[in-house]
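Student: Please give me a close look at the salt bridges in this structure. I should also like to see how they sit in relation to the helices and the nonpolar parts.

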Amino acid sequence: SIDNNLINEFERLEFLGDRVLGIVIAYLLFEKYKYFDEGSLTKKFSYLVQKDFLSDEDFEDLADEINF
């Protein structure tokens, strides 16, 4: 039905948005923490993109966390 198709498209867009946000956060961390090794960057990234963090905090808090 049309409703199921629309829901599917919203879910696909959510998937894409999550990936774009992930790329932006990875880039900002990569630029800010030039001396972090891969493991440290991964830990910081994982904390910032976890569902609970992103759903409970707004983007201003995210910018504060990475000092942007």
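Tutor: A search of the whole structure finds two salt bridges. The model is a predicted one, and every value below is computed from it.

One of the salt bridges joins E9 and R12, whose closest N and O atoms are 3.6 Å apart. That distance falls inside the 4 Å cut-off for a side-chain nitrogen of Lys or Arg and a carboxyl oxygen of Asp or Glu, so the pair counts as a salt bridge. E9 and R12 are three residues apart in helix α1, which means that about one helical turn separates them. In an α-helix there are 3.6 residues a turn, so residues three or four places apart point the same way. Side chains of opposite charge can pair when their charged atoms come close. As to solvent, E9 is partly exposed at 40% relative accessibility, while R12 is exposed at 52%.

The side chains of K34 and E31 form a salt bridge as well, with 3.2 Å from N to O. K34 is exposed, having a relative accessible area of 55%. E31, at 33% relative accessibility, counts as partly exposed, because the class of partly exposed residues lies between 20% and 50%.

The helices supply the setting for these pairs. The protein chain has four helices and zero strands, and its pattern along the sequence is α-α-α-α. Helix α1 runs over residues 2-32. It contains 31 residues and spans 45 Å from its first C-alpha to its last, close to the 45 Å expected at 1.5 Å a residue. Helix α2 covers residues 38-49, twelve residues in all, and its span from first to last C-alpha is 16 Å, close to the expected 16 Å. At the start of α2, a side-chain oxygen of D37 comes to within 3.3 Å of the backbone nitrogen of G39.

Helix α1 also has residues that are not at the surface: G22, I25, L28 and L29 are buried there. Across the protein chain, buried residues account for 15% of the 68 residues. The largest nonpolar core has five residues, namely I25, L29, Y33, L41 and L48. The elements that contribute two or more residues to this core are α1 and α2. Thus I25 and L29 appear in the list of buried residues of α1 and again among the members of the core.

Several C-alpha distances relate residues of α2 to residues earlier in the chain. K44, in helix α2, is 19 residues from I25 along the chain, and their C-alpha atoms are separated by 9.8 Å. K44 itself is partly exposed, with a relative accessible area of 22%. S46 is likewise placed in helix α2, and its C-alpha is 9.8 Å from that of A26, 20 residues away in sequence. At 40% relative accessibility, S46 counts as partly exposed. F30 belongs to helix α1, and its C-alpha is 9.7 Å from that of F45, which is 15 residues away along the chain. The side of F30 open to solvent is reflected in a relative accessible area of 54%, which places F30 in the exposed class.

A nonpolar patch on the surface brings the account back to the part of the chain that holds E9 and R12. L6, F10, L13, F15, L16, V20 and V24 make this patch, of about 690 Å². L6, one of its members, lies in helix α1 and is partly exposed at a relative accessible area of 45%. That value is over the 30% that a patch residue must exceed, so L6 meets the accessibility cut-off for the patch.

In summary, the E9 and R12 pair is set within helix α1, and the pair of K34 and E31 is the one whose N to O distance is 3.2 Å. The largest nonpolar core, for its part, draws two or more residues from each of α1 and α2.

Definitions and conventions: Residues are numbered from 1 along each chain as its sequence is written. This is a predicted model: local features need pLDDT of at least 70, side-chain atom pairs count only at pLDDT 80 or more; totals for chains, interfaces and linings use all residues. Side-chain values use heavy atoms; hydrogens and water are left out. Patches are made of residues with over 30% relative accessible area and no salt bridge: like charges are joined within 9 Å, nonpolar side chains (Val, Leu, Ile, Met, Phe, Trp, Tyr) within 5 Å. Accessible areas come from the Shrake-Rupley method with a 1.4 Å probe; for residues, only the protein chains shown count as cover. Buried means under 20% relative accessible area, exposed over 50%, partly exposed in between (1.4 Å probe, protein chains only). The expected span of a helix is 1.5 Å times one less than its number of residues. A polar contact is a pair of N or O atoms within 3.5 Å; within protein, one must be able to donate a hydrogen and the other to accept it, and residues adjacent in sequence count only if both atoms are side-chain atoms. A nonpolar core is a set of buried Ala, Val, Leu, Ile, Met, Phe, Trp, Tyr and Cys residues joined through side-chain atoms within 4.5 Å.
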